[in-house]
Amino acid sequence: MANNRIDRISAEYHRAMAEALRTVKDPRVSGMTSVTRCEVTGDLRYAKVYISVLGGDEKEALRGLKSAAGYLRHAVGEKLQLRASPEPVFHMDDSIRYGAQILEKLHEIEGKQGE
């Protein structure tokens, strides 16, 4: 039963973080930075926030997000209305790039089979 609660909080955290991310004014965090997944820990102290950056410098975006972590934590906390808002810990999500590489390889294989 507790796992369902954590899953619900993770989903709400994801929505609130994605919304709060749009209000960040740091130039390092471009408009193409998006939240792909959030995982809140069982004790609700931390949240792993996986982000994807398209068309920008990933390291700079990560630095910008880390500097805006306090603002984001406060903004998300107001939306979630929990006693204590989980502290965001940002990670890069390479799944989109990895999927594109696999798709490219599949197209290469299809091209070789057609010859």
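The following conversation goes through several labels attached to a predicted model and sets each against its cut-off.

Trainee: What makes Glu19 and Lys79 a salt bridge?

Mentor: The nitrogen and oxygen of these two side chains lie 2.9 Å apart, and because the cut-off is 4 Å between a Lys or Arg side-chain nitrogen and a carboxyl oxygen of Asp or Glu, the pair of Glu19 and Lys79 qualifies. Glu19 belongs to helix α1 (residues 2-21) and Lys79 to helix α3 (residues 69-80), so this contact ties together parts that are 60 residues apart in sequence. In total, the structure holds 6 salt bridges.

Trainee: Why is Glu19 called partly exposed?

Mentor: Its relative accessibility is 37%, and since partly exposed covers what is neither under 20% nor over 50%, Glu19 takes that label.

Trainee: How do you know whether Asp26 and Arg28, which also meet in a salt bridge, are buried or partly exposed?

Mentor: The two fall on opposite sides of the 20% limit: Asp26, at 16%, counts as buried, whereas Arg28, at 32%, is partly exposed. Their side chains meet at 2.9 Å, N to O, which is within the 4 Å allowed for a salt bridge.

Trainee: What makes Arg37 a charge over the ring of Tyr50?

Mentor: Arg37 lies over the face of Tyr50 at 4.0 Å from the ring centre, and the distance limit for such a placement is 6 Å, with an angle condition of 35 degrees from the ring normal as well. Arg37 also forms a salt bridge with Glu39 at 3.2 Å, N to O. Both partners of that bridge are partly exposed, Arg37 with a relative accessible area of 37% and Glu39 with 33%.

Trainee: How many aromatic pairs does a search of the whole structure find?

Mentor: The search finds 0 aromatic pairs, and because a pair requires ring centres within 6.5 Å, the conclusion is that no two rings of Phe, Tyr or Trp meet that limit.

Trainee: Why can Ile109 belong to a nonpolar surface patch?

Mentor: A patch residue needs over 30% relative accessible area and no salt bridge, and Ile109, at 45%, is above that threshold while still counting as partly exposed. Ile109, which lies in helix α4 (residues 95-113), makes the patch of about 490 Å² together with Tyr98, Ile102, Leu103 and Leu106.

Trainee: What makes the backbone of Leu44 worth a remark?

Mentor: Phi of Leu44 is near 60°, a positive value in a residue other than glycine. Leu44 sits in the loop between β1 (33-40) and β2 (46-53), and with a relative accessible area of 17% it is called buried, because the limit for that word is under 20%.

Trainee: Is Gln81, in the loop between α3 and β3 (87-92), buried or exposed?

Mentor: Gln81 is exposed, since its relative accessible area of 69% is over the 50% cut-off. Just after α3, Gln81 takes a positive phi of about 55°, although Gln81 is not a glycine.

Trainee: How do you know that the span of α3 is close to the expected one?

Mentor: The helix has 12 residues and reaches 16 Å from its first C-alpha to its last, against an expected 16 Å at 1.5 Å a residue, so the two values support calling the span close to expectation. The buried residues of α3 are Ala69, Leu72, Ala75, Val76, Gly77 and Leu80.

How values were computed. Residues numbered from 1 in each chain as written. Predicted model: local features only at pLDDT ≥ 70, side-chain atom pairs only at ≥ 80, totals over all residues. Heavy atoms only, no water. Phe/Tyr/Trp six-rings, centres within 6.5 Å; stacked < 30°, edge-to-face > 60°. Helix = DSSP H or I, 4+ residues; strand = E, 2+ residues; numbered from the N terminus. Buried < 20%, exposed > 50% of the residue type's maximum accessible area, 1.4 Å probe, protein only. Patch = residues over 30% accessible without salt bridge, like charges linked within 9 Å, V, L, I, M, F, W, Y side chains within 5 Å. Areas by Shrake-Rupley, 256 points an atom, 1.4 Å probe, with all protein chains shown as cover.
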